Amino acid sequence: MGNHSDGSPNHSGTVATAGQNEVEKFQDPGLPPHRLRLADTDPRAAKRAERQVALLFGLSVVGTFIFLVAYFVIDLGEGSGATIADIRLQNALLGLGTAFAMLGIGTGIVHWAKALMPDHEVSEERHAVRYEEDRQAAVRIVDDIVEETGIKRRPLIRNTLLGAVALAPLPAIAIFGDLGPRPDKALAHTMWAPEDGKLKRLTRDPDGTPIKASDVTIGSAFHVIPEGLNELHEGKLNEKAKAVVLLMRLDPESLNPSPGREDWGYNGIVAYSKICTHVGCPVALYEQQTHHLLCPCHQSTFDLTKECKVIFGPASRPLPQLPIAVDDEGYLVATSDFNEPVGPSYWERDEHERSINS
Amino acid sequence: MSAASTAEAPAYVAKTKAGRITDFVDERVGGSGILREFGRKVFPDHWSFMFGEVALYSFVILLLSGTFLTFFFDPSMAETHYDGSFTGLQNVEMSVAYSSSLDISFDVRGGLFMRQVHHWAALLFVASIAVHMLRVFFTGAFRKPRELNWVVGGVLLILAMAAGFTGYSLPDDLLSGNGLRIIDGVIKSIPVIGTYISFFLFGGEFPGTVIIGRLYMLHILLVPALILLMIVLHLFMVVVHKHTQYPGPGRNDGNVVGYPLGPVYAAKAGGFFFIVFGVIALMAAFFTINPIWNYGPYDPSPVSAGTQPDWYIGFVDGALRLMPGVIGDFHFEYVIFGYVLTLNVLLPALVPAGILFTVMFMYPWIERWITKDNREHHVLDRPRNAPTRTAIGMAGFTWYCVMWAAAGSDLIATHFNVSLNDVTYWLRALFFIGPVLAFIVTKRVALALQRKDREIALHGRETGRIVRLPHGEFIEVHAPLDEYKRYKLVGFESPAPLPAVPNEHGIVTRKEKRRAALSKLFFEDRVAPATPAELEAAHGHHGPHEAVEAADEQRSLTH
C-alpha cells in the first residue's frame, strides 16, 4: 500500500507541487463518453417530455388566473368590511397564484432544457486575461499620452493641479454640516428637572395619570413618564426616550442606599431610569422575586437592592436613580432631574455629569 | 471591412417584417457581433454555482417589489392617528411612515403580499450572497485571476447588509425603532466623534424626526445604485475570466467545459429566475414575516422580550450580548482624561466584524503569499483537497455562528429551559474555543476524506459482496473504478511546504521565515494523490483478490 502522504520537498521553483512533476501521474482521460437520454432514443419519451413541459406552462396560466381572481374578487379598504381573515386569504391566494405562475414557467423551461435540448458538454479554450503584446501597446499609448500632456516636464502644472484636486472635495464634506445640530448639553438633561420651582409628578405610561405613593404596593412596578410629557407637541419621543422611569416598591430593609442617596426613595419606593446604560434599550423586565431588572435586548441585569449595579451582561454602569419624594397631595414627585446623563454612554458623558453636579 | 467592399456587397434585405426591424436595430447597435461572441459561450454547470444566481435574481425581485412599495410608502415621521381598516390600532398615535406601512398591509390589495415578497427576498438576498461566498472560498475560486472579484463580492455582502438594515428600519415600528436605538447606542460609543455622528445622523437627539426619511433615501437610491454598480463589475469580471469549473476528466486550467449559453444554459438560468421568484412567492404566501401590526408604533418605553434582528445583523448583536460589561471589579467603561471610553460596546461592535471582513478581503493575498502561487486557477479545489484552507474557513464560519447563536441566547434559554446566564457563559467560551476546535476537526476530516479517496482510487469501490476463497478466507470484492471516476479522485495538486528561501541579497528575512512556517502549517500533513505506479503496486499486492476481481470483470463482460 505504501506511504499515504508523499512528503518529499520540491525544489522545482516558485510553485510547490511536489510529487507531481517528478512522479508520473494519471493522465487526464478526457471527457467521459456522452450518454444518451431516454428522450434522445425513444420518440415516445420525447413526446412525453414535451407534454410535461406544456403542462407546466399550462399550470403557470392557471396561477395567473388565481392571482387575478384573488385580486379582483376580494376587496379590501374602508367600507368593504374586509376582515383580517380576508386579508390573509387574499395574501395566500395572491402568493399561491404568483408561485404557480412563476414556478410553472421556471420548471417548464428547465425541464425542456434538461430533457429535450442537446445535453452535449462542449469544451472551449480559455484565453489569457491579458496578452503581453497588448500590455506593451498599452504602455506605449500611456507613455505617448503622458508625453503629449507634458505633465512630467511641467511640474508647476502638476503640483498646482494636485493641490487643487486635493482641496476641491472639502466643500462636499462641509456642505453636510447642517445634517444635525452640534451636540450640546441636551443629552445631560431630561424633563424631570423642576420647572419654575414646581416639582414634576410621576405619571403612568402611557396615559399620564399621576401616581399616589399609596398606590404603590410592595412588589409592584410602574412604567412612569414625567407629568406634561403627553402634552408636548414637539420632540415628545425625544423627551420620552430619556425620561422613562421604572418605579418599584421593595421592603425598605432590602434597599441599601449609599451615603447621600438615603432620601432618594420614599418608604421603599424607588425610581430608576428605564434606559439601559448599555446601548439604550428599555430595561423593561422586572423580576419581582430576585429584585433584578433585565434588559430584553442584550440581557444586562441590574440588582435593585444594590442601587441597580450591573450583575450580569454587557452593561458597565448602574442605572441612574431618579430622586423622588411625595407632595402635599400624596403624589410621587421627582425632587430633581437625574444626577447624571441617562442612557448609553458617550464621549462627553463624564464632562456632562461633572457639570450637572457642580 | 472597408467602405468600398460594403458598397459592393449585395445589401442584405430581411424577408419578414420582424426581420427588417431586427436588421434595422442590428445595423445601428452591432448586435450580431455581440451574439456571435456570447451566443454559444460555454458555462460550466454545477448546483453550487446557483447561489450567485439566487442572489442576482433576489435582487431583481427586490427592485420590482420595492418599486411597488415606494408608490404607497410615505417616509414621514410626522405624528398622525391611525385611521385605517386594522381595528387593533385604531386611533393610536403613530408616525406617518408606520401608518402608511399599515395601509400597505391592510388597505392596498396585494400590498401585504408585496411587503412579504420584499422582506423574504431581502433575507434570501443576503443569505445567498453569504452562501455563494462560502462556496467561492471553500473551492478556492478566489485565486488568481479572481481576487478582485472576490473583493467586489465582499463589498456586495456589506452593501446587502446595509440595504437590509436601512429597509428594516423604515416601517418605524417598535422592533425597528429599538434596532435604531441600539445603532444609536453603538454610534455614541465611538470615541471623539460618536456623539457628533449620532446627532448628524438623527438630526439631533434620538429618535428625532428625520431619520426615516434619510434612511429611505439611502435605501431606495444610494445603496441599490451601489449594489447595481457592483453587480455590473462582478458580472463583467465573470465574463472576462470565464467561469471556474470543478475538477474532473477533460477539465483543466486551459479550457472551460459545459453547456453553451444558447440554448441550454440560457434556458436553465432563465428558468431558474422564475423558480426563485416562485419560491419567494410561496414563502410570502404562507409564512408571515415582520408582522409590524403586532409590534405597534415606535415608542422608547416598551419593548417585547425575545426580540430578534434580521438574521444578517445577528452576529453583531450577538457579539454585543457576549461582551461582559464588568469582569470582577474591572469596568470596561472607563474615564480617560475626562472622556468616556465605552469598550464594552465599542469592542464587540467593531472588532469581530472588523476581523472577519479584513481577513475575508485579504485572504486571497494571504494565501498567495504563503504558497507563492502566481499561476491562474480555473479548476476549483474540492474542499478536502485544500485541508488547511477548508479548516481556516470553517474556523471563521464557526466563529461567526457562535456570535450569531448568541443573538438568540434568550430564545435558546427559554426554548431549552436552561439558564440564560449559562448559555451566555458557554457561548463566551465557544467564542474563543470554537474556532480552534473547528480548525482541528475540519483539517482532520479533510485529510481523512483525502485518504479515503486514495483508498478508493487504488483499491476500488466496496461492493458489499463477500466472497469465500478456496482456502477459507473471506474477502470483500472491490470493484475497480473506471478511469473517469478515478481521475476525479487523483487529478488534484497537493503542494508541499515551501521552505524559506534567501532573497536577492542572500538573506532569509524574518518575514520569509514566517511565510515558511505558515507554508509548513498549510501543507505538512498533505496527502498526495495516488499515482499509476501505486495503483500497479496495489494490484500486484493481493493476488487472490485480484483474481476474484478479474473473474468478476470477466463475468460482467460476458453478460
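At roughly what angle do the axes of helix H13 (residues 314-322) of chain B and helix H15 (residues 387-406) of chain B cross? In this predicted model, the two axes cross at roughly 75° and come within 6 Å of each other. H13(B) and H15(B) are therefore roughly perpendicular to each other. On the side of H13(B), the contact is formed by B:Gly314, B:Phe315, B:Gly318, B:Ala319, B:Arg321 and B:Leu322. H15(B) contributes B:Tyr400, B:Met403, B:Trp404, B:Ala405 and B:Ala406. By class, the residues of this contact comprise eight nonpolar, two polar and one charged.

The chain that holds this helix pair, chain B, contains 21 helices and ten strands. Its C-alpha trace extends over about 90 × 85 × 65 Å along the principal axes. Of the 559 residues in chain B, 46% are buried. Among the contacts in chain B with a separation of 6 or more, 73% link residues that are 24 or more positions apart.

Two cis peptide bonds can be located in loops of chain B. One joins B:Lys144 and B:Pro145, with omega about 5°. B:Pro145 lies in the loop between helix H6 (111-138) and helix H7 (147-169) of chain B. Another leads from B:Phe206 to B:Pro207, where omega is near -5°. B:Pro207 belongs to the loop between helix H9 (194-202) and helix H10 (211-241) of chain B. Most residues other than glycine have a negative phi, and most peptide bonds are trans. Against the first part of that rule, B:Asn290 has a positive phi, near 50°. B:Asn290 is placed in the loop between helix H11 (261-286) and helix H12 (292-295) of chain B. With 21 C-beta neighbours inside 10 Å, B:Asn290 counts as buried, because the cut-off for a buried residue is 20 or more.

Attention now turns to chain A. Its domain assignment gives domain 1 (38-115), domain 2 (132-176) and domain 3 (189-357). The C-alpha centres of domain 2 of chain A and domain 3 of chain A are 61 Å apart.

Chain A also holds an open sheet of four strands, in the order S6-S7-S8-S9 and with antiparallel pairing. Strand S6 (285-287) and strand S9 (309-312) of chain A form the edges, each pairing on one side only. On average, neighbouring strands of this sheet are turned by 35° against each other, direction ignored. Strand S8 (residues 301-303) of chain A runs antiparallel to S9(A), and three bridges join them. Within this pairing, A:Thr301 has A:Phe312 as its bridge partner, while A:Asp303 is partnered by A:Lys309. The hairpin of S8(A) and S9(A) has five residues between the strands, and A:Glu307 in this hairpin takes a positive phi near 55°.

Elsewhere in the sheet, A:His291 has a positive phi of about 60° although it is not a glycine. A:His291 sits in the loop between S6 and strand S7 (292-294) of chain A. Is A:His291 buried or partly exposed? A:His291 is partly exposed, since 19 other C-beta atoms lie within 10 Å, and 20 or more would be needed for a buried residue.

The two chains can now be considered together. How many residues of chain A are in contact with chain B? There are 99 of them, in contact with 118 residues of chain B. On the side of chain A that touches chain B, two or more residues each come from helix H3 (84-115), strand S1 (122-125), helix H7 (236-243), S9 and helix H8 (349-357) of chain A. H3(A) gives the most to this side, with 18 residues. By class, the side of chain A that touches chain B has 51 nonpolar, 29 polar and 19 charged residues.

Strand pairing also links the two chains. S1(A) runs antiparallel to strand S4 (residues 255-260) of chain B, and four bridges join the two strands. In this arrangement, A:Glu125 stands opposite B:Asn255 in S4(B). S1(A) is thus one of the elements listed above on the side of chain A that touches chain B, and S9(A), an edge strand of the four-stranded sheet, is another of those elements.

Technical notes. Residues numbered from 1 in each chain as written. Chains lettered and ligands numbered in written order. Predicted model: local features only at pLDDT ≥ 70, side-chain atom pairs only at ≥ 80, totals over all residues. Domains from an automatic or database assignment. Buried ≥ 20, exposed ≤ 12 C-beta atoms within 10 Å, placed from the backbone. Contact = placed C-beta atoms within 7 Å. Axes fitted to C-alpha atoms, helices over the stretch in contact; angles between N-to-C directions. Parallel < 35°, antiparallel > 145°, perpendicular 65-115°, else oblique. Nonpolar A, V, L, I, M, F, W, Y, C, P; charged D, E, K, R; others polar. Pairing = 2+ DSSP bridges.
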